[in-house]
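Q: Could you take a close look at the place where the two chains meet, and walk me through it in one go?

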2 protein chains.
Amino acid sequence: MELPEPPYYAVIFTSQRTDGDNGYAERAAAMSKLAAQQPGYLGELSVREDSGAGITVSYWKDEESIARWRANLEHTEARRQGRAEWYVDYEVQVSRVERAYDFRR
Amino acid sequence: MELPEPPYYAVIFTSQRTDGDNGYAERAAAMSKLAAQQPGYLGELSVREDSGAGITVSYWKDEESIARWRANLEHTEARRQGRAEWYVDYEVQVSRVERAYDFRR
């Protein structure tokens, strides 16, 4: 992923899905697409095992971008539905990336 | 996961595995166990899809704990082997967690 030089922000979302889809896949794809249109969005990586355990990291320019996305009405409604239907539990950490490096074969 | 009140640190490791195990599973388990014994270690979450895409987040008390673990000789050797054999590519971000919240059903 192409990210700028630090500092920037990472929102770490670790979660356990409930059984069954219940509209999750479609809504999650729509939310990723909508997030990508927001000012300050830098990128997202998401991994989920068959067990339902998942980690999504989204990257943002600054705290203001994160706060604006959090206040988005469609996103707020999706989070409400997430708590009602899609997740057994989740944790969110909002963090400031201080340094970064990568390896490419 | 039981984490303290922020601030603390998160090391975000996103990676793509090469094909085949090549000793990876055993060494990765040993490294997780060794990391958990280090001063300042707070916890770790790791998720990998069948595609080989993975995200591991490890949590640390402070930057000093991260630097000490990075300098550990067994860990340094495991990282070298990772670049030689186990990973197509990876990215690491060292970040300071500013705030956190969770949901539990």
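A: Here is a walk through the interface, then the sheet that runs across it.

This is a predicted model, so a few ground rules: local features need pLDDT of at least 70, side-chain atom pairs count only at pLDDT 80 or more, and totals for chains, interfaces and linings use all residues. Residues are numbered from 1 along each chain as its sequence is written, chains are lettered from A and ligands numbered from 1 in the order in which they are written, and side-chain values use heavy atoms, leaving out hydrogens and water.

Chain A and chain B each put 46 residues into the contact (heavy atoms within 4.5 Å). About 3800 Å² is buried between them, with carbon and sulfur atoms giving 53% of that; buried area here is the accessible area (1.4 Å probe) that two parts lose on being put together, summed over both. Arg99(B), Tyr101(B) and Phe103(B) supply 18% of what chain B buries against chain A, more than any other three residues.

On the polar side, 27 residue pairs across the interface are in polar contact, both residues at pLDDT 80 or more (N or O atoms within 3.5 Å; within protein, one must be able to donate a hydrogen and the other to accept it, and residues adjacent in sequence count only if both atoms are side-chain atoms). S4(B) gives the most to chain B's touching side, with 18 residues; strands, like helices, are DSSP runs numbered from the N terminus (E, at least two residues, for strands; H or I, at least four, for helices). There are also four salt bridges across the interface (a side-chain nitrogen of Lys or Arg within 4 Å of a carboxyl oxygen of Asp or Glu). One of them joins Arg104(B) to Glu91(A), at 3.6 Å from N to O.

Now the sheet. S4(A) and S4(B) pair antiparallel over 15 bridges, where pairing takes at least two DSSP bridges between two strands. Within that pairing, Val97(A) has Ser95(B) as its bridge partner. The open, antiparallel sheet has eight strands, in the order S2(A)-S3(A)-S1(A)-S4(A)-S4(B)-S1(B)-S3(B)-S2(B). S2 of chain A and S2 of chain B are the edge strands, each pairing on one side only. Neighbouring strands are turned by 25° on average, direction ignored (axes are lines fitted to C-alpha atoms, for helices over the stretch in contact, and angles run from 0 to 180 degrees between N-to-C directions).

H3(A) packs on this sheet, touching S1 and S4 of chain A together with S4 of chain B, and its direction makes about 120° with S4(A). H3(B) lies across S4 of chain A together with S1 and S4 of chain B, running at about 120° to S4(B).
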